[in-house]
Amino acid sequence: DNIGRCIFDSPGEPPTLQKLNEWIEAQAKGGVRIICIDPITAAVSQDKPWIEDQKFVFRATRCLKQYGASLVLVTHPRKGAKQGIMDDLASGASYSRFAETVLWLERFDEMRNLEIMTGSNSMYGDSLPFVEEIRVNRALKILKTTNGRGAGANLGYLFDVNTLRFQEKGIIVKKKMQEKKSKIA
């Protein structure tokens, strides 16, 4: 209910990027701290969308810096995309190129048992990661972080459809790390 009062839609016809910029500015001026557009691909394309996308991103960035707000843009995979890399995102390259953070949320059709690093065995005097097999139904791929750590990591999550809540389980261990761990053991 609290979030519902903050959701707006664009009835009738899809907005242009110009109209979205005006809406972002109005929200930021009004004190909104986090502004979301879902999906950005619903905006009307122009003759040269790559130029309009870049103008949109830079105008929004100026506004966000001025008012201390953040913008979350949601997109979806391109048709046929399977790798979960930035080139697989639907929309123009400006969105991933100039974003500070790019996250890819992957839904698994069935629960998966994955090797997940949940901490370290530091109480035994070593700094080897503590890895266990955990059931998850989502993976969050951190594709890009400009102002932080974690780029390239994959996090395992359990999403509860009844409560609509995510529970982070830890860092999914990549195959190379699994092989390295078995060699150490």
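Which residue just after α2 takes a positive phi? In this predicted model, where local features need pLDDT of at least 70, side-chain atom pairs count only at pLDDT 80 or more, and totals for chains, interfaces and linings use all residues, that residue is Gly-68, with a phi of about 70 degrees. Residues are numbered from 1 along each chain as its sequence is written, and side-chain values use heavy atoms, with hydrogens and water left out.

The helix before it is a good place to begin. Helices (H or I, at least four residues) and strands (E, at least two) are DSSP runs, numbered from the N terminus. Helix α2 takes in residues 49–67, and at 1.5 Å a residue its 19 residues should span 27 Å (1.5 Å times one less than the number of residues); the end C-alpha atoms are 27 Å apart, which agrees.

Asp-53, Phe-56, Val-57, Ala-60, Cys-63 and Leu-64 are the buried residues of α2 (buried means under 20% relative accessible area, exposed over 50%, partly exposed in between, with a 1.4 Å probe and protein chains only). They lie on the same side of α2, because their arc around the axis, taken from the directions from the helix axis to the C-beta atoms, is only 135 degrees. The face turned away from this buried side carries the exposed residues Lys-55, Arg-62, Lys-65 and Gln-66.

The largest nonpolar core (buried Ala, Val, Leu, Ile, Met, Phe, Trp, Tyr and Cys residues joined through side-chain atoms within 4.5 Å) has 15 residues, of which Leu-17, Leu-20, Ile-24, Ile-40 and Phe-56 touch the most other members. Its largest share, 5 residues, comes from α2.
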